[in-house]
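Trainee: Could you go through this one with me? I'd like to take it a topic at a time.

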2 protein chains.
Amino acid sequence: MMPRKPEYDRDALIAQARDIFWRQGWAGTSLKDLERELKLKPGSFYAAFGSKDALYALALERYAQEGVMRLKALADRLGPLEALKAQPRLVIEASGAPAKACMLAKTYAELLARDHELAGQAGDLMSEMKACFADLFRQAQEAGDIAPEHDPNRLATRYQSDLLGLRLSAERSDVDAREIAADIAADIDRL
Amino acid sequence: MMPRKPEYDRDALIAQARDIFWRQGWAGTSLKDLERELKLKPGSFYAAFGSKDALYALALERYAQEGVMRLKALADRLGPLEALKAQPRLVIEASGAPAKACMLAKTYAELLARDHELAGQAGDLMSEMKACFADLFRQAQEAGDIAPEHDPNRLATRYQSDLLGLRLSAERSDVDAREIAADIAADIDRL
DNA sequence: TATATACTTGAGTGATCACTCAAGAAAGAC
DNA sequence: GTCTTTCTTGAGTGATCACTCAAGTATATA
């Protein structure tokens, strides 16, 4: 006596929610927005996800996971140094993305003052990302592409900070983000 | 037949509102928050400022104006190059500030997707700030402290982007922002 | 002291917030 | 077909949102 199955594709809904939250932020996205875009009535929404925050958490997790996967795939194709040099250009040229700025950074900035759990999660995910960068810097150093006196963790911290600034700047119409991206890549060549 | 005068100090209230908005953001600050902190009942609040957005606009204006003034005062004391090198450390070490991240950037990121007027204002003020940075780079170049092949406007764009990233990173507990600040300053010495 | 003027007060406005829940519809098991 | 189980539906919940306004109060002039 198996009952009916849901009509929606849960994974696709999470991806769609991620895009909405990414663009509009946490407070900027109402349940009505989500119900309209995901085509879910309130009852179905809460049966599927439990709460707005629970869906946001899933969306954040998905966002970070895909970011890490893209970076690792890039490093497999180009090698660590070239991946680090290409990443700045790629993140601001991603045409399908709902926003240039980093969703983790936007979430962190918006919710830190409220001591919201999602800010903590966003911070943890940024740390994971930083660790990925550090790995790549370490590999590039072991390959002899980066001088041995540099600390990979410090390089990763600075690099991530630069990327956050770049991606926020890329939202501005009076800034040529490609120039910034090129300058960040050039900095890596000088290490 | 002159009537009574208001009991509040309008300038002090704007500065106080700026700190609250800076820390909590636009959506994160309710009228109840403002009424409680500024000790104004709703009627007085609306008589004094007109709306929440109008007060936010005044707070943004004040924030940017004081930022420009502090930078120019710094340049008068240290000269353009040393001012640009000192600024990163100063912005993250300002102990009285309600937040490390830039209020203009937070406002821009939060309200851009809503096409809110305040996002436009924040963007304009960031452009003004960028022009100040460009002036200092130009002066440093004319003084011979920066090689002549560099474009001051491009340097200013990159510098502002770096500062935005630095100030957001400074909110994180797992990041040593002083290291980033030192690295940004070191980059200027290499120009 | 009497009056005109403006500030202060706080209950109250409709709108929107995230969220609930009971009733109806659909699909596999028998 | 009938039953059981789950999904879908949408009106409705109390809370909070930004904001209003009429009544009360304080002050400077006359």
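**Salt bridges, symmetry and cysteines**

Mentor: Asp19(B) and Arg18(B) form a salt bridge, with 3.1 Å between the closest N and O atoms. Keep in mind that this is a predicted model.

Trainee: Is Arg18(B) buried or exposed?

Mentor: Arg18(B) counts as buried, at 11% relative accessibility. Its partner Asp19(B) counts as partly exposed, at 24%.

Trainee: How many salt bridges does the structure hold over all chains?

Mentor: There are 36 over all chains. One of them joins the side chains of Glu37(A) and Arg36(A), at 3.9 Å from N to O.

Trainee: And how accessible are Glu37(A) and Arg36(A)?

Mentor: Glu37(A) is partly exposed, with a relative accessible area of 38%. Arg36(A) is exposed, with 52%.

Trainee: What about chain B? Which residue does Arg36(B) form a salt bridge with?

Mentor: Arg36(B) pairs with Glu37(B), and the closest N and O atoms are 3.9 Å apart. Arg36(B) counts as exposed at 52% relative accessibility, and Glu37(B) as partly exposed at 36%.

Trainee: Which residues are joined into one network by salt bridges that share partners?

Mentor: From chain A, the network includes Arg158(A), Asp162(A), Asp187(A) and Arg190(A). Arg158(B), Asp162(B), Asp187(B) and Arg190(B) belong to that one network too.

Trainee: Changing topic. What rotation superposes chain A on chain B?

Mentor: A rotation of 180° does it, with 0.0 Å of shift along the axis and an RMSD of 0.0 Å. The two copies are therefore related as by a two-fold rotation axis.

Trainee: Which residue of chain A comes closest to the rotation axis?

Mentor: That is Gly165(A), with its C-alpha at 2.0 Å from the axis. As for the contact, both copies use the same surface: 100% of the contact residues of chain A recur in chain B.

Trainee: Last topic, cysteines. How many disulfides are there over all chains?

Mentor: The structure holds 0 disulfides.

Trainee: Why is there no bond for Cys132(A)?

Mentor: Because the closest cysteine sulfur, in Cys102(A), is 13 Å from the sulfur of Cys132(A), which is too far for a bond. A disulfide would need the two sulfur atoms within 2.5 Å. Cys132(A) counts as buried, at 13% relative accessibility.

Trainee: And where is the closest cysteine sulfur to that of Cys132(B)?

Mentor: In Cys102(B), at 13 Å, so again too far for a bond. Cys132(B) is buried, with a relative accessible area of 13%.

Notes
Residues numbered from 1 in each chain as written. Chains lettered and ligands numbered in written order. Predicted model: local features only at pLDDT ≥ 70, side-chain atom pairs only at ≥ 80, totals over all residues. Heavy atoms only, no water. Least-squares fit on C-alpha atoms with pLDDT ≥ 70 in both. Contact = heavy atoms within 4.5 Å. Salt bridge = Lys/Arg side-chain N within 4 Å of Asp/Glu carboxyl O. Buried < 20%, exposed > 50% of the residue type's maximum accessible area, 1.4 Å probe, protein only.
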